[in-house]
Amino acid sequence: MIRFKTTSPEQTELFGKGLAKSLGAGDVIALTGDLGAGKTCLTRGIADGLGSTAHVSSPTFTIVNEYDGGRLMLFHFDTYRLSGPDDFLMSGLDEYFYRNGICVFEWSDIIDELLPEDSIRMTITGDGDMRLFECNCSEKHQCYIEEAARNAGAEVEK
Ligand SMILES: Nc1ncnc2c1ncn2[C@@H]1O[C@H](COP(=O)(O)OP(=O)(O)OP(=O)(O)O)[C@@H](O)[C@H]1O
Ligand SMILES: [Mg+2]
């Protein structure tokens, strides 16, 4: 587990931008955290870091938005309105795991049991302009996360 804090939306985006540089085809980032936690803000940074100029917003009317124009495709999910894992599977959305892009999930807890084993799981909490990121992932990804957090000027807790 790695934990770090950001103190502004810009810093969260900068972290996402840095993290994107280390992501590879098929990587999955699973985000949990309340409304306004910063899930979309982080995803915006990831899109930027992949080289996409697309405007990233929460996929409100669709479950998934697809962004191209970057080094890898970005599939941005909001699973908030899914009733559960069966709903995800019945809609054929698991197909995205095999499309060699980056999958980012907002409200990933709803489909947690379907996530690949090496997914990067992040929980975001906090208030005001402070956000605490708690990340569970492989050691390799922990190194990248720590580096991206430090490069963004975030305070890393050990
Ligand atoms: N350190 C921070 N990191 C990220 N966002 C922050 C931070 N401090 C304040 N904010 C604010 O928190 C809000 C985060 O909004 P965002 O849309 O990213 O949340 P979300 O988790 O995607 O919410 P939802 O579940 O509604 O989609 C923005 O208004 C942003 O300006
Ligand atoms: Mg959002």
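Tutor: Helices and strands are DSSP runs, with at least four residues for a helix (H or I) and at least two for a strand (E), numbered from the N terminus. The model we are reading is predicted, and its protein chain has four helices and eight strands.

Student: Thanks! In what pattern do the elements of the protein chain follow one another along the sequence?

Tutor: Reading along the sequence gives β-α-β-α-β-β-α-β-β-β-α-β. The chain is as compact as a globular protein of its length, because its radius of gyration of 14 Å is close to the 15 Å that the globule rule gives for 158 residues. Along the principal axes, the C-alpha atoms fill a box of roughly 40 × 30 × 30 Å.

Student: What percentage of the 158 residues count as buried?

Tutor: For burial, we count other C-beta atoms within 10 Å of a residue's own, and 20 or more make it buried. In this protein chain, 42% of the residues pass that test. Contacts tell you about the fold too: among those between residues at least 6 apart in sequence, 67% join residues at least 24 apart.

Student: Let's turn to the ligand. How many residues surround ligand 1, and which are the closest?

Tutor: The shell holds 17 residues, and the closest are T12, G38, K39, T40 and C41. By character, the shell divides into nine polar, four charged and four nonpolar residues.

Student: Which helices supply at least two residues each to that shell?

Tutor: Those are α1 (9-20) and α2 (39-50). Helix α2 gives the most, with three residues.

Student: How should I read α2 itself, starting with its reach from first C-alpha to last?

Tutor: A helix can be checked against a rise of 1.5 Å a residue; the twelve residues of α2 reach 17 Å, close to the expected 16 Å. Then look at burial: α2 is largely enclosed by the rest of the structure, because ten of its twelve residues are buried. The buried ones are K39, C41, L42, T43, R44, G45, I46, A47, G49 and L50.

Student: What do those buried residues of α2 pack against?

Tutor: They pack against α1 and five strands' worth of names to find in your viewer: β2 (28-32), β3 (64-67), β4 (74-78), β5 (102-106) and β6 (120-125). Just after α2, G51 takes a positive phi of about 100°.

Student: And α4: which of its residues are buried?

Tutor: The buried residues of α4 (139-151) are H141, I145, A148 and A149. Seen down the helix axis they fall within an arc of 100°, so they line one face of α4. The face turned away from that buried side carries the exposed residues E139 and K140. Cover for the buried residues includes β1 (2-6), α1, β6, β7 (131-136) and β8 (155-157).

Student: How far does α4 reach, and what follows it?

Tutor: Its 13 residues reach 18 Å from first C-alpha to last, close to the 18 Å expected. After α4 comes G153, whose phi is positive, near 85°.

Student: Could we finish with one residue? Where does R3 lie, and is R3 buried or partly exposed?

Tutor: R3 lies in strand β1. It counts as partly exposed because it has 14 C-beta neighbours inside 10 Å. Leaving aside neighbours within four places in sequence, R3 is in contact with L132, F133, E134 and E157. R3 also shows how sequence and space can part ways: R3 and A149 are 146 residues apart in sequence, yet their C-alpha atoms are 9.5 Å apart.

How values were computed. Residues are numbered from 1 along each chain as its sequence is written. Chains are lettered from A and ligands numbered from 1 in the order in which they are written. This is a predicted model: local features need pLDDT of at least 70, side-chain atom pairs count only at pLDDT 80 or more; totals for chains, interfaces and linings use all residues. A residue is near a molecule or strand if its C-beta atom, placed from the backbone, lies within 6 Å of it. Ala, Val, Leu, Ile, Met, Phe, Trp, Tyr, Cys and Pro count as nonpolar, Asp, Glu, Lys and Arg as charged, and the others, Gly among them, as polar. The expected span of a helix is 1.5 Å times one less than its number of residues. Two residues are in contact if their C-beta atoms, placed from the backbone, lie within 7 Å. The arc is that of the directions from the helix axis to the C-beta atoms. The radius of gyration is taken over C-alpha atoms; the globule rule is 2.2 Å times the number of residues to the power 0.38.
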